[in-house]
Amino acid sequence: MSSYNATEVLVGGAVLACAIAFGVYASQSTGLSQSSGGYELGASFRSLEGVGVGTDVRLAGVKIGTVTGVDLNPETYRADTTFTISDGILVPDDSAIVISSEGLLGGNFVEVMPGGSPFYFEAGDQVEDTQGAVSLISLLVKFVAGDGGE
């Protein structure tokens, strides 16, 4: 009888350890466990399709930050976005912010296209040069409808 109890305790402990390991992995991969170190920038987009709070901000394919806020501006009908850039990453003040796609079936992310200015954005600055998401469905509809000047 005691061998059944010992086995149950060992299996239960293994399941609990796996659940804890999965929870730690999930929190790290979603950025929940990261410190709030960094500085915040803002940008306004015509379309944020596929981007929400928690979406990666990347430069040269490397994650340098996270989208922290998305709101609709009722006056301009644009998506006002805030994102945090990691400390130590300096973004030139003539950089562009673009919504990019990971591929045909992949999700979207925010990409920083660095400029060549010797001056850098500071915390709270607004990025003016933005390009919103391109809807693949609308491009496909235009292609099928023959809406291209041949």
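**Exercise 1. The β2-β3 hairpin**

Determine in which sense strands β2 and β3 pair, and over how many bridges.

*Solution.* Work on the predicted model.
- Step 1: locate the strands. β2 covers residues 56-59 and β3 covers residues 62-73.
- Step 2: read the pairing. The sense is antiparallel, with four bridges.
- Step 3: pick one bridge. Asp 56 has Thr 66 in β3 as its bridge partner.
- Step 4: inspect the turn. Two residues lie between the strands of this hairpin. Ala 60 has a positive phi there, near 55°.

**Exercise 2. Other pairings of β2 and β3**

Find how β2 pairs with β6, and how β3 pairs with β4.

*Solution.*
- Step 1: take β6, residues 108-113. β2 and β6 run parallel and are joined by two bridges.
- Step 2: name a residue pair. Glu 111 in β6 stands opposite Arg 58.
- Step 3: turn to β4, residues 78-85. β3 pairs with β4 over eight bridges, in the antiparallel sense.
- Step 4: name a bridge here too. Asp 80 in β4 is the bridge partner of Asp 71.

**Exercise 3. The whole sheet**

Write out the strand order of the sheet, and explain why one side of β7 and of β8 lacks a neighbour.

*Solution.*
- Step 1: list the strands. The order is β7-β1-β4-β3-β2-β6-β5-β8.
- Step 2: classify the sheet. Eight strands form an open sheet with mixed pairing.
- Step 3: look at the edges. β7 (126-127) and β8 (130-131) each have a single partner strand, so one side of each has no neighbour in the sheet.

**Exercise 4. Asp 125**

Place Asp 125 in the fold, decide whether Asp 125 is buried, partly exposed or exposed, and list its contacts beyond four places in sequence.

*Solution.*
- Step 1: place the residue. Asp 125 sits in the loop between β6 and β7.
- Step 2: apply the cut-offs. Buried means under 20% relative accessible area and exposed means over 50%. Asp 125 has 28%, so Asp 125 is partly exposed.
- Step 3: leave aside neighbours within four places in sequence. Asp 125 then contacts Glu 40, Leu 41 and Gly 42.
- Step 4: check one distance. Asp 125 and Glu 40 are 85 residues apart along the chain, with their C-alpha atoms separated by 7.7 Å.

**Exercise 5. Gly 88**

Find the loop that holds Gly 88, and state whether Gly 88 is buried or exposed.

*Solution.*
- Step 1: find the loop. Gly 88 lies between β4 and β5 (96-101).
- Step 2: read the accessibility. The relative value is 73%, so Gly 88 counts as exposed.
- Step 3: add a distance. The C-alpha atoms of Gly 88 and Ile 64 are separated by 9.7 Å, and the two residues are 24 apart along the chain.

Methods. Residues are numbered from 1 along each chain as its sequence is written. This is a predicted model: local features need pLDDT of at least 70, side-chain atom pairs count only at pLDDT 80 or more; totals for chains, interfaces and linings use all residues. Side-chain values use heavy atoms; hydrogens and water are left out. Two strands pair if DSSP finds at least two bridges between them. Buried means under 20% relative accessible area, exposed over 50%, partly exposed in between (1.4 Å probe, protein chains only). Contact means heavy atoms within 4.5 Å.
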